[in-house]
Amino acid sequence: MAFEPDNELLQDFLIEAGELLNGLDEQLIELEQSPDDADRLNSVFRAFHTIKGGAGFLEVHPLVEICHGAEDTFNLLRNHEIRMNSRIMDVMLQVIDSLNGMFDRLRAGQYPESVSPEFLKEIEALARPEAAAPVKPKAEPESNPVPAAEAAVATEDDAFDRMLADLDAAESSGADSVAPEASNAADDDLITDDEFENLLDELHGKGQFQAPQASPEAEKVASATAESDEITDEEFEAVLDELYGKGKSPTADDESAVAPASDAAPKAAPQPKPPSKSSASAGSEKKAEPAAKAKSPEAHKPPVETTVRVDTERLDSIMNLVGELVLVRNRMNTLKSTFENEEISSVIATLDMVTSDLQGAVMKTRMQPVKKVFGRFPRVVRDTARTLGKEVNLELEGEDTDLDKNLVEALADPLIHLVRNAVDHGIEMPDQREQAGKPRAGTVLLSAAQEGDHIRLSIRDDGSGMDAEVLRRKGVDKGIVDPDAAERLTDQECFELILHPGFSTKDQISDISGRGVGMDVVKTAITKLSGTISIDSSMGEGTQINIKVPLTLAILPTLMVIVSGRKYAVALSVVNEIFEMADKEINVVDGQTTITVRDRAVPLFRMTDWLGLRGEPPGQRSETDQVVMVQHGAQLMALVVDSVIGQEEVVIKPLGELLRIVEGFAGATITGDGHIALILDLPGMVRRNAGRGHQRMRSVA
Amino acid sequence: MTEQAMQQRQTPEEYDEEFEAQDKGPLSRWVSFTVDEEIYALNVLDVQEVLRDAEITPIPGAPDSILGIINLRGNVVTVVDARIFFGLEEKKHDENSRVMVIEVASGEIVGLVVDSVAEVIAFPESVVDQAMMSVNDDRARHILGIVPQDEKLIILVDMKSLSDITAT
């Protein structure tokens, strides 16, 4: 029964253990708040244990080593033999960082390097001081090939094989033959021994092996323990499958095999009875029996598995296909009017409806709670605050808000940046806060909420806020705005100056509580997601940054326009208004054509010029020309097009590699009539035409 | 639908029987096409399909060698002009013009507009091997070799590096 850790197993491990690892960060931070939370200690312990088990299967020894140390420490913690302190916490967070590093290497297909022996010693030292009496120092699993129990967290193939052999032996000759052997190991390793016994109990209790010893009582115990440790029957069955080489998910195996066992360990520990028919089972049986009675209905009727893990690539391709269907639907709708047949019309109407529903349903499958990103922030805030010597509380709101998977990923970096900035530049030092009559600890509130077809994310701090005047001055100094234009800027426009690429340099950080560090990068990232970012701040009270992003990126609402006989799509999110050119006043100011809209001069650009197509000279108006007013950052721009067709939802098709040097297009789409329309990328278009001297920030006002 | 109906797909399988009969050992099949009176050939394995008629949407601001993009059954495919690619004079496309859909090294699907697509020809592999030459001239790096056929010379080309050439 060979167990080859092939690629698929590794991938499964990376996904599942990776999720555990992500959760660990957050849990550790919470533990710092409430160090005696037994449930949490247990779950951290289990997480380390599970990762260790999986790594053992895959023979990734560096992972095993480090998890082993962490696991020992948490074992002592949850048994109240030692108490959580900041030293342990710091080391554990380092452990998480090392684990993350190792996971990255594994993902890249490389074998991770061991952590330094000093660090390992440091980890082990945590478990030592008070640990002397009840717990003997433990040997490294891989260096100790003796007990069968060790195999429960198997680190070597042969150890695992031996366990399988033992299990097989147990199957034929009963638990009695194995239990002594397992108990012999008790001196050696308190946890794994019990784990193994428990595992055996479960395996037998389950009756899946048709072992004659699988008494109904044992079965009850097994399922009861499983239940009480929140391990579902399917997971358990996965263990069985795994052991017999049928299953595919090693981590599901570890989780279920190990978790209940580890929980049972403390119960069984105080009774070092002579090898009898599994003392652990006797111990846990007593405890488990009430639970078994209470839960027996579910325990005996395993719930049906309700989730399926799907590769995101497959989801993407489904999304693409649905996108195609939407396009066909649009085409059908266009054609509908050409048939004067009621039946066809009603069929098309049904198709229309079903397609819309399907589109919504598929979109939902790609939704993920924003929690996935938010989960990282407790750690970010803690680390940043610690480094700076600040006291900061992080509050999270609306973590369950769902948004498109791609967005969740794309938002992670900008948000981390903003949160870090809020702690770094927003929140003042504790003493300073006290002087200002605020609590010593600052608060950063991170919230998410759905608003129609958008998600609003906001990061609010109760720090010192930003000074619009200082920003205004800086803006002028940096040459971002003209002095006279700067005078006309509203406070909000001043705050938004920090989003400008030229604004971020080192000295702002010390001079003012501005957030100049790479804010333009954040802005660019948000714009790429067709989102908007706005800043509000008041001196002494704090700053709030709002981000609005669409629910999904797959389908883009656009405005279709015609320029020189061809269709182009402009993202609807940047379109402010549409009007006829004919009845507006046009002037040329300083070489720049402007159009006056409600007493406001807006720079005017002809799309034909922008696209490098031949057209009439600028300023010359045609009766039918229409103007689309768009928002580019803080700036309004008026684009002259031949005509406006209307709104259309499009699926973005990226342009090929050959066209990556061409700026100004976000992609192409296939329109309702089967033709291709290019989707304009406004920032790219502006860059592309920047050489012509059209683009200056002078018209911010 | 109408557009797709006009797209003609030529599969090498149609020619299989003809060549199987000739028994000249393993054959390698090439799709021959003409650009400016010259006959070129691409390995059939590199050619996905040949389009008779495709509506090309130009990309404002793209390099001259890129004619634009087409809608290939819902996928957007970049189309390159073989004439400009080979350094020849531009010529208006006529009813003989074809778009050869090929896969380049990056995995991208690209359309290559040629003057006409002639046929699938098969050479014994030995002939192709002999024709293979190592070219140091950078301009000729997409030429694999030259095979004489019916008093004409057929230039075997490799379009895999298309993406590097047009991008620079």
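This section describes the nonpolar cores, the interface between chains A and B, the salt bridges and selected local features of a predicted model.

The largest nonpolar core of the predicted structure comprises 57 residues. Within this core, the residues with the most contacts are Trp610(A), Phe665(A), Phe33(B), Ile69(B) and Met100(B). The surroundings of Phe665(A) were examined with residues up to four places away in sequence left out of the count. On the chain A side, Phe665(A) touches Tyr568(A), Leu611(A), Leu655(A), Leu678(A), Ile679(A), Leu680(A), Asp681(A), Met685(A) and Arg688(A). Phe665(A) also touches two residues of chain B, Ile59(B) and Pro60(B). A second core, separate from the largest one, contains 50 residues, among them Ala385(A), Leu446(A), Val481(A) and Ile533(A).

Chain B consists of 168 residues, of which 49% are buried. Its secondary structure amounts to five helices and 10 strands. When contacts in chain B between residues at least 6 apart in sequence are considered, 57% of them join residues at least 24 apart.

The two chains meet through 26 residues of chain B and 23 residues of chain A. The size of an interface is often expressed as the accessible area lost when the parts come together. For chain B and chain A, the buried area is about 1900 Å², with 66% of it on carbon and sulfur atoms. The elements of chain B that contribute two or more residues to the side touching chain A are strand S4 (66-72), strand S5 (75-81) and helix H5 (162-167). By residue class, this side of chain B divides into 15 nonpolar, eight polar and three charged residues. Zero salt bridges are found across the interface of chain B and chain A. Polar contacts between the two chains number three residue pairs, both residues of each pair being at pLDDT 80 or more.

Over all chains, the structure holds 24 salt bridges. Side chains of opposite charge can pair when their charged atoms come close. One such pair is Arg382(A) and Asp90(A), in which the closest N and O atoms are 3.2 Å apart. Arg382(A) belongs to helix H16 (residues 377-388) of chain A and Asp90(A) to helix H4 (residues 86-107) of chain A, so this salt bridge ties together parts that are 292 residues apart in sequence. Arg382(A) counts as buried because its relative accessibility is 10%, whereas Asp90(A), with a relative accessible area of 27%, is partly exposed.

Asp97(A) forms a salt bridge with Arg379(A), and the closest N and O atoms of this pair are 2.9 Å apart. Asp97(A) lies in helix H4 of chain A and Arg379(A) in helix H16 of chain A, so the pair links parts that are 282 residues apart in sequence. Asp97(A) is partly exposed, with a relative accessible area of 41%, while Arg379(A) is buried at 8% relative accessibility. A network of salt bridges links Asp90(A), Asp97(A), Arg379(A), Arg382(A), Asp383(A) and Arg386(A).

A further salt bridge joins the side chains of Glu428(A) and Lys438(A), at 2.8 Å from N to O. Glu428(A) is placed in the loop between helix H17 (405-426) and helix H18 (430-435) of chain A, and Lys438(A) in the loop between H18 and strand S4 (442-451) of chain A, so the pair ties together parts that are 10 residues apart in sequence. Glu428(A) is buried, with a relative accessible area of 9%. Lys438(A) is likewise buried, with a relative accessible area of 16%.

Two local regions of chain A were also examined. Gln368(A) is part of strand S1 (residues 367-369) of chain A and counts as buried because its relative accessibility is 18%, the limit for this class being under 20%. With its neighbours within four places in sequence set aside, Gln368(A) contacts Thr401(A), Asp402(A), Leu403(A), Lys405(A) and Val408(A).

In helix H19 (residues 468-477) of chain A, the buried residues are Ala468(A), Val470(A), Leu471(A), Arg472(A), Lys474(A) and Gly475(A). At the start of H19(A), a side-chain oxygen of Asp467(A) comes to within 2.9 Å of the backbone nitrogen of Glu469(A). Just after H19(A), Gly479(A) adopts a positive phi of about 75°.

Terms used. Residues are numbered from 1 along each chain as its sequence is written. Chains are lettered from A and ligands numbered from 1 in the order in which they are written. This is a predicted model: local features need pLDDT of at least 70, side-chain atom pairs count only at pLDDT 80 or more; totals for chains, interfaces and linings use all residues. Side-chain values use heavy atoms; hydrogens and water are left out. A nonpolar core is a set of buried Ala, Val, Leu, Ile, Met, Phe, Trp, Tyr and Cys residues joined through side-chain atoms within 4.5 Å. Buried means under 20% relative accessible area, exposed over 50%, partly exposed in between (1.4 Å probe, protein chains only). Contact means heavy atoms within 4.5 Å. Buried area is the accessible area (1.4 Å probe) that two parts lose on being put together, summed over both. A salt bridge is a side-chain nitrogen of Lys or Arg within 4 Å of a carboxyl oxygen of Asp or Glu. A polar contact is a pair of N or O atoms within 3.5 Å; within protein, one must be able to donate a hydrogen and the other to accept it, and residues adjacent in sequence count only if both atoms are side-chain atoms. Helices (H or I, at least four residues) and strands (E, at least two) are DSSP runs, numbered from the N terminus. Ala, Val, Leu, Ile, Met, Phe, Trp, Tyr, Cys and Pro count as nonpolar, Asp, Glu, Lys and Arg as charged, and the others, Gly among them, as polar.
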